[in-house]
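This report describes how charged and nonpolar side chains are arranged in one protein chain. The sequence and the structure are shown first, and the description follows.

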Amino acid sequence: MPIRFYFDVENGRETIRDHEGVDAADLTEALAEARSVIREMADEVCAHDLGGGWTLVVRDATGIVVARLPISWSAASDA
């Protein structure tokens with residue numbers, strides 16, 4: 001049975017909440033999806049905030065934070 005995970009984006013000053021989420025078989029699959037999201041958004045996020053510090057926060061369906069992944073240009077180039 002799939003588990004719902006949410007990918008919030010934060011930088012210490014603001015948090016952009018994911019209210020839709022994604023279904024994944026387990027945390028490993030959710031983290032793979034999270035890395036894909038980072039590759040898609042890293043250039044845009046980093047270009048608008050040169051100070052950096054953005055993080056993709058992965059929450060499970062109960063709201064517990066299960067992972068934190070930095071968003072950086074190097075993540076985008078690993079695609």
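In this predicted model, Asp 8 has a relative accessibility of 2% and therefore counts as buried, since the cut-off for that class is under 20%. The side chain of Asp 8 meets that of Arg 17 in a salt bridge, with 2.7 Å from N to O. Arg 17, in contrast to its buried partner, is partly exposed, with a relative accessible area of 46%. The pairing extends to a further residue: Asp 8, Arg 17 and Arg 59 are linked in a network of salt bridges.

**Overall architecture**

The protein chain contains 2 helices and 5 strands. Along the sequence these elements follow the pattern β-β-β-α-β-β-α. The chain has 79 residues, of which 38% count as buried. Its accessible surface comes to about 5000 Å², and carbon and sulfur atoms account for 52% of that area. Among the contacts with a separation of 6 or more, 54% are between residues 24 or more positions apart.

**Salt bridges**

Side chains of opposite charge can pair when their charged atoms come close. How many salt bridges does a search of the whole structure find? The search finds 4. Three of these pairs are listed below with their N to O distances.

| Acidic residue | Basic residue | Distance (N to O) |
|---|---|---|
| Asp 8 | Arg 17 | 2.7 Å |
| Glu 10 | Arg 68 | 2.6 Å |
| Asp 23 | Arg 4 | 3.4 Å |

Arg 68 and Glu 10 meet through their side chains in a salt bridge. This pair links distant parts of the chain, as Arg 68 belongs to strand β5 and Glu 10 to strand β1, 58 residues apart. Both residues have an intermediate accessibility: Arg 68 is partly exposed at 49% relative accessible area, and Glu 10 is partly exposed at 21%. The value for Glu 10 is 21%, so this residue does not fall under the 20% limit for buried residues.

Asp 23 forms a salt bridge with Arg 4, and the closest N and O atoms are 3.4 Å apart. Because Asp 23 lies in strand β3 (residues 22–24) and Arg 4 in strand β1 (residues 3–10), the pair ties together parts that are 19 residues apart in sequence. Asp 23 is partly exposed, with a relative accessible area of 45%, and Arg 4 also counts as partly exposed, at 28% relative accessibility.

**Surface patches**

Which residues gather in a patch of negative charge on the surface? They are Asp 26, Glu 29, Glu 33 and Glu 40. Of these, Glu 33 is placed in helix α1, which spans residues 27–48. Glu 33 has 37% relative accessibility and so counts as partly exposed.

A second patch is nonpolar: Leu 27, Ile 64 and Val 66 make a surface area of about 230 Å². Val 66 is found in strand β5 (residues 65–70). With a relative accessible area of 33%, Val 66 is partly exposed.

**Summary**

Strand β1 recurs in the account of the charged pairs: Arg 4 of this strand pairs with Asp 23 of strand β3, and Glu 10 of strand β1 is linked to Arg 68 of strand β5. Strand β5 also holds Val 66, one of the residues of the nonpolar patch.

Conventions:
Residues numbered from 1 in each chain as written. Predicted model: local features only at pLDDT ≥ 70, side-chain atom pairs only at ≥ 80, totals over all residues. Heavy atoms only, no water. Patch = residues over 30% accessible without salt bridge, like charges linked within 9 Å, V, L, I, M, F, W, Y side chains within 5 Å. Areas by Shrake-Rupley, 256 points an atom, 1.4 Å probe, with all protein chains shown as cover. Lys, Arg positive; Asp, Glu negative; His and termini not counted. Charge placed at Lys NZ, Arg CZ, Asp CG, Glu CD. Helix = DSSP H or I, 4+ residues; strand = E, 2+ residues; numbered from the N terminus. Buried < 20%, exposed > 50% of the residue type's maximum accessible area, 1.4 Å probe, protein only. Contact = heavy atoms within 4.5 Å.
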